[in-house]
Each structure stands twice: as structure tokens, then as C-alpha cells.
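Let's take a walk through this one together, starting with the charged pairs and then moving on to strands, backbone oddities and surface patches. Have the model open and follow along.

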Amino acid sequence: MGKRLSRTAPISRMLGAGLLAGASLSPAWGQGDEPTAEQLDWHPWEGAAAEGQLCRGRYVMPAYRLPAASDPETLSLEADALNYATGGDALLRGDVVLRRGDAQLEAQSLNVPADREQLYAEGKLSLRDGRVLVRAERADMALSADRATLEDTAYVFYDQHIRGQAAQLEQTGEDRYRLRDAGFTTCDPGDNTWRLVSSDIKLDQASGVGTARHARLEVKDVPVFYWPWLRFPLDDRRQTGFLWPSLSASGDGIDYAQPFYWNIAPDQDATFIPRWLSAHGWLLGGEYRYLREESAGRIEGAWLSSDDGGSGGGANRYTGEDRWYVDATHAGRLNSRSNYRLRYGGASDGRYFDDFDSGIGGDSRVSMERLAQVDYRGERWQLDARAQGFQRLEDPLADNDKPFYRLPSLTANAQWQFDNGVYSEWRSNATYFWRDVDETVVPEREAAIGSRLHLTPVVGWRFQRPWGYLEPRTELWHTAYTLDYGDRQTQRSDTPTRSVALSSVDGGLVFERELALGGQDYRQTLEPRLNYAYVPRTDQRDLPDFDSLERTFSWNQLWSTQRFSGADRVGDLNRLSYALESRLLEDEDGAERLSVGMGQSVYFADRRIDIDGDPDKSRREEYLTEARYYQATRERSPLVTRLDWQITPRWSAGYEWLYDDQRTQTERSSVEARYRHPEGHVLNLGYRWEIQGFDPAVLPGDDAFRDYNREEIDVSFAWKATPRLDLIGRYLHDQTNQRSLDQLAGVQWNDCCYGLQLVWREWVDDNDTARVEDDFSDRGIFLRFVFKGLGGMGQQSGSVFEQAIPGYRATQF
């Protein structure tokens, strides 16, 4: 080739900042021809680097052919030959290379007019700047502005994994481009699973927006969709425009939604979702979000005028009625110690989310909260003031199932710790309870509204050493009410009070020994524990029931003095609990590999206080059920056995068994095995049994009351068969009634340029009751697919999979 000419000299702006970058020289192609992978700077993954990769390779810019100049505005060039015309035009021929800053141009010939304002290049040219590559046959570029026109081009965006072709590519400004008769895809070279093709595409990298006119989506070179005009994102920045639609089919018909996203400002956005449900009609939903420096909030809701009635088990329930919901939240910070929260939620009816959930698994909301709250967190004192209420989402909803509003509720708590082990606490709350019900039809204990003052001073002492501990503790519960029973005729006091002490002594020992198992060193502990609790029997028949429920028995209840949640009931108690627990700890880091425990309570007196608060109950007929009488008079609690076992780094198991050694029967049991693989494989095996009437908080007549023993088998898995393929499934079986409660099977394919989720699900809707006879089944097929670089359509399912399959983390598209 002979000696090459080289020159480095200052020159006006030449290669536009951010202009597309190039590859090594190769034969040109005609418009419509596919460039080879090598021509697009494609480097396949090799060996171990290929493991776990969704794409089969990556785009890598080759090394610059000219070194960088000290001044980024300086132009460096090399050519085989340089000729000057009479008028001052310069013609560079042969293997021409120019570089200014990060931009490099390679061409076979280059013409620079005498005014040095333009540059004309021809023949197998390539242009690169580290971010983008353009291959072309001809180019016309301005030297003093970000202007360029290239003919018969192929291009690559390295980081975005985007490639395409265009009859003409024009740079219209800094980071702005226009492509004519063009197309692009994010698929690997040689793979045209999808392409967006348009007669006119505009790309604005500064704003991250692309637009296309007369655009069509091609899947495997077959046109499947057409847009007269399309707006799409070039990166992760939010952009105003239509989102991909959502489409699903289930037992309730066809569900189609077309969201529109509005990027109002950097700290505000909104989404509008017109939606058509074949069984209900048109529904308009939306969401508005904002994020300030000291606060943030969200308003969402939907409206459907005159429901067409629906289908399935709930058909015609709301025919002709308006259906809606709204949920607005706002939270912020007043100062470094104080925060506040505001929320209002409401729905037209208790079945709204059952009928209009937009996800594979439905909406899990069971209530809508209304809240205004401010708090203070000091070093000693914690203060909280709130007004709070809930709309319970059930239909039908009986008056006695409606929750009370707290209008307001004021809390002040504090604690003190002394060097000798003595500690004291102060807990206090004042609340006004209200709800809108017919007080003549609810139980008398729930008929009142009014105020409650609850004061709880606590004093205790904890002596603790490595070999054990001892902790006596006493709480004094003083509660005073001012009540209004409205139209309800009652002999109860309007201003009842209650003062009662809850005392306990808790103690345990810790024995340790070194143990070697399977070549591994462990520390094994043996930990006996005793707990005595005494709560005197106190008449509470005049006290209302605002927020109390009797707790189900469990391992934790062995050590608690409180048989009820809330502050309206204090259960009488005179019992001694004893247990023996052993743990296996890895000697190196103290990680717990095994924990097994067994415990029981012995009662020295009957537990006569139930939700009615009557201390004089002693006869069998005074209790609602035989089971409740037995629980109140039994001499011993069920024997509680629990186990948590980390079998291997991947396998773990849990077990709980409550056994009545007096009646020789199991009251509740559960066993589960869990598998967690580092690559994301998940397996869950579960079995649950619970005897009828085990939960004392559920009374006969409640919607949740079951007249049968519950026995369920739950199996779920998620298997990442390859880095691209996930298989998901769940089966929940009601062994008592010989039916399936939930079945789910899904597949998720996550490729380099597209993702797909296909899910089939069949489930039982319990109609907001525990009765089996009014249950009905629903089923659906849900499809979601994503064209990476354009967006996706279909039902969002990742979070639903994670709820249905514990431990699974859905692959993000």
C-alpha cells in the first residue's frame, strides 16, 4: 500500500458528539440485505462466560485505530493518499481513518470542500463513538454542527443491544436522528423473532423517546400489528404515551385494557386505563403518583357505570349498579423524629376486587383503610395520634362483622432500664370507638360506641447470665369506659372500669456441649424453661368488645399472660408452662442448623372468662359449643412440639404438632419441606390439619366458622430449567371435602429480545363464607409477552407467582 499519510491538526466540530460508531471494513450491502454478525461488531460468548446469559453474545466496539489526542477538539487522520484541487478541495483516498474525541470515521474516499464546512464520504464507511455503530455506503456530514446524512445504513446501539437497517439515516442535531424506510430489533444477529419496521423513525437520545409513522410489528417476518403513529422509549426513562394493552380470558369472559401513561413532570406521573370486560361493561381506572423531597403519595381508583351483571357464581349480583373504588395515600416527614400518614380507601361493595381484579391471582385486599396519623419517636417516649377505620371487603357483611373506627386514638409509651436489671415501662392509650350499625341486632357486648382509656404500667427485673436467666414481671391493666348504647335496652353500666394485674415469672437454663457430626463441629444446647402466670378472674360482663379476639393456642401462648388480643378482655389464668428445647449451632459462625422443642401448660383453675367476660360460667350449657367448654375446663393444654431443621444448605423443614394427651387426638399439625437452589429452583411441600373449633376467635354463626375438620395438602414449585425457561406450578387440595382449592401451571420464557409468560389457573371462590355449598370455581388463561425495547402486553404475573410459591423470585423481563 505504500507509505500512509498522517496528520493531526485542530479543526472545527466534525464528527457529531454521540454519533453512531463502526466496525472494521467489509463489503457493502444493498438495502434490505442482512449484514453479518461480524460486520455488526458481534462477539459470541465463549466457554464459562456463556453460562447464565440470555443473549448469545454482545456488541463490542473494536479498538480505535488512531490514538487519542490531548485536545478532544483536535482532528487526527490517516489515508493512503491526499490530493488538493485548484479550489482548495481536499480528497483523501484509500483506507481513510479520521478521529476526533471518541468519534472515529473509516471510509474508502473522503472529500472536504475548501470552506471546510462539509465532509463527503463514500465506499464501505463505518462510523463509531463507543456507544453506537453505523455502517453506510455514503455520508454527508457538517463539520461545524451535529448534522449528517448517511445512505444505505446498518446500525447498532451497543449498550441497548439494538440493531437495525435504514435506507437513510440522518443526524438532525445533537443526539437526534431520523431513519427512513428503517427497522430495528433487540434480537441477536440472524434472529428476527420480532422487528419494528417504519417508513419514518425519529430517535431522540437526549429525551429517551422514539417515534415511528406507519409502523408495523413483524414476528418472524410476518406483520402482526400496525400503528399509524407510535411512540416508544429508548431507555428506562418514563415517557408519555400508550402502554401495551392487557388481554386475558377466564370464566368471567374477556378482559381487555389499554393503558395510557402521562409523564407529567420528573416528580409526577399518571396512568389512565380504559378497560372492557365482556361480562360487566366499560370500566375506567387510573393512578396518579407524586414524589416530593419530604413526602410522597398515590391516588388510584376506577369507575364502572351500570354493571352488566357478570357471570359465574356471582352473576347478576350487582346488575345495573355503579361499581367503583378509590385508594389515596400520602406520607411525609415533619422532622427527624416525626412522620405522618394519610390514607383513604373505599369500594362500592365488598366483592369489587373479586370481580375486577386485574391479575392472575386476584387482589388480596380484605379491607380498605382510612387513616390520618402522626407519630413521634424519641429516645424514651414514643407517641402516636391517629384516626383510623376500615371498610371490610365482604358481601354479605353482617353488622357485627363491621370493624370499629378509632376517632381518634392517642398512644404514649415509654421505657426505662436500670443497671441492676430492673426495668419499667409505661403504655397508655385513649380511643373513641364508633361504627354505624343497628345496635339492636348485634350482640350486646358489641352494641355500644364510646371512649376507652387504657393505662398499663409495667415493672420487671431480668437477671441474665450465659447459663440462664430469671425474669419476674407484673403489668397493671387499668381500663375505663364511657359508653353509649343508643336504642339498645341494656342493664350494663355506661361507665364500667376494670383493674387487674397480669403477673408472671419466666426462667430458663442453658446447657451446652461440643458435638461432632459428619466431620462438622457443632455446639448443642439443652434449654429447659419454666413460666408461671397468674391473672385473677375479673368480672368483665359490662365491658364492651371493641377490638378483642381470643387467641389460638400455640408455642408462643405457652409463655404469654394474655389469652386475648386487644384491651377489652383479660383472660383469667393460673398455669405453669414447661418446655425443653434443644438447638444445634455451627461452631464456626453460630448459625442454627436445628431447633426442636416440646412444651405444655398445666392449669390450676378453669378459664371461665371468654369473649362475654362472664366470670361465673361453670356449667356446660353456658358455653356455645362442647369444644369451648372443654377448652375452658381442661387440666392441661395440648402438648406442643415444634421443629425447624436446616437439613442442608438447600433443604429445610418445619414441623408443628399440637396433641391432646387427654383425648389422645391431634388438634393441629403442619409439616413442610422446602428446597432452595442457588440458581433459583424452588420446591415447597406442605400438609396442614386443624380440628373443628380449634380457633376460639371464630364463633358459630360467623362467616368464617367451619363445621368440619380442615385437612389440606399444598405443593408448589418453580424450576429454572435453563437461564431462559422457568416452569411454575401449584396444587392446593382440600382433603376434607375431596376437591382442589387452587391449581396453577405456568411457563416463563425469557430470551434476549423477548419474554413470555403463559399461565393457566383454576381456583375456588368461597363467596365470602366458610360454607362449602355456596362455593364456585373460576378459571382463566393469562398471557403476557414483552418485546424488549418496545414494552409488553398481558397480565403481570411476577408478584402473583411469588405469593403462590414461597421462595420464588420471578425473572425480570
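A salt bridge here is a side-chain nitrogen of Lys or Arg within 4 Å of a carboxyl oxygen of Asp or Glu. With that in hand, the structure holds 77 salt bridges. Keep in mind that what you're looking at is a predicted model. The general idea behind these contacts is simple: side chains of opposite charge can pair when their charged atoms come close.

Let's begin with R56 and D188, whose side chains meet in a salt bridge with an N to O distance of 3.5 Å. This pair links distant parts of the chain, 132 residues apart: R56 is in the loop between strand 2 (42–44) and strand 3 (57–59), while D188 is in the loop between strand 12 and strand 13 (194–204). The two partners sit in unlike surroundings, as R56 is partly exposed at 44% relative accessibility, whereas D188 is buried at 4%.

Next, find E667 and R634, which form a salt bridge with their closest N and O atoms 2.9 Å apart. Here E667 belongs to strand 41 (residues 665–676) and R634 to the loop between helix 2 (626–633) and strand 39 (639–645), so the pair links distant parts of the chain, 33 residues apart. Are these two residues buried or exposed? Both E667 and R634 are buried.

R343 and D327 also meet through their side chains in a salt bridge, at 2.7 Å from N to O. R343 lies in strand 24 (residues 338–347) and D327 in strand 23 (residues 323–333), so this contact ties together parts that are 16 residues apart in sequence. D327 is buried, with a relative accessible area of 1%, and R343 counts as partly exposed at 25%. Both belong to a wider set: salt bridges that share partners join E287, R298, E300, D327, R341, R343 and E369 into one network.

Now for the strands. Strand 5 (residues 81–84) and strand 6 (residues 90–100) run antiparallel and are joined by 4 bridges, with N83 partnered by L91 of strand 6. They form a hairpin with 5 residues between them, and in the turn G88 has a positive phi of about 100 degrees. Further along strand 6 you'll come to V97. V97 is buried, at a relative accessible area of 1%, and its C-alpha atom is 6.4 Å from that of A79, a residue 18 positions away along the chain.

Jump ahead to strand 45 (residues 739–750) and strand 46 (residues 754–765), an antiparallel pair joined by 9 bridges. Which residue of strand 46 is the bridge partner of Q743? That would be E762. The hairpin these two strands form has 3 residues between them. Strand 46 pairs with strand 47 (residues 776–787) as well, again in the antiparallel sense, over 12 bridges. There, V764 has S777 as its bridge partner in strand 47.

The backbone has a few quirks worth a look. Most residues other than glycine have a negative phi, and most peptide bonds are trans. D181, in strand 12 (residues 176–185), goes against the phi trend with a value near 45 degrees. H214, in strand 14 (residues 209–219), has a positive phi too, of about 50 degrees, and is partly exposed at 48% relative accessibility. As for cis peptide bonds, one runs from D395 to P396, with omega near 10 degrees, and P396 is in the loop between strand 26 and strand 27 (405–417). Another joins L407 and P408, with omega about -5 degrees, and P408 lies in strand 27 itself.

Finally, the surface. A nonpolar patch is formed by W461, L470, V505, Y532, Y534 and F604, with about 530 Å² of accessible area together. One of its members, Y534, is in strand 34 (residues 520–535) and is partly exposed, at 37% relative accessible area. Elsewhere in our tour of the surface, E514, D521, E588 and D589 gather in a patch of negative charge. D589 is found in the loop between strand 37 (573–586) and strand 38 (592–603). Why does D589 count as exposed? Its relative accessible area is 56%, and the cut-off for exposed is over 50%.

Note on methods:
Residues are numbered from 1 along each chain as its sequence is written. This is a predicted model: local features need pLDDT of at least 70, side-chain atom pairs count only at pLDDT 80 or more; totals for chains, interfaces and linings use all residues. Side-chain values use heavy atoms; hydrogens and water are left out. Two strands pair if DSSP finds at least two bridges between them. Patches are made of residues with over 30% relative accessible area and no salt bridge: like charges are joined within 9 Å, nonpolar side chains (Val, Leu, Ile, Met, Phe, Trp, Tyr) within 5 Å. Accessible areas come from the Shrake-Rupley method with a 1.4 Å probe; for residues, only the protein chains shown count as cover. Lys and Arg count as positive and Asp and Glu as negative; His and the chain ends are not counted. The place of a charge is taken as NZ of Lys, CZ of Arg, CG of Asp or CD of Glu. Buried means under 20% relative accessible area, exposed over 50%, partly exposed in between (1.4 Å probe, protein chains only).
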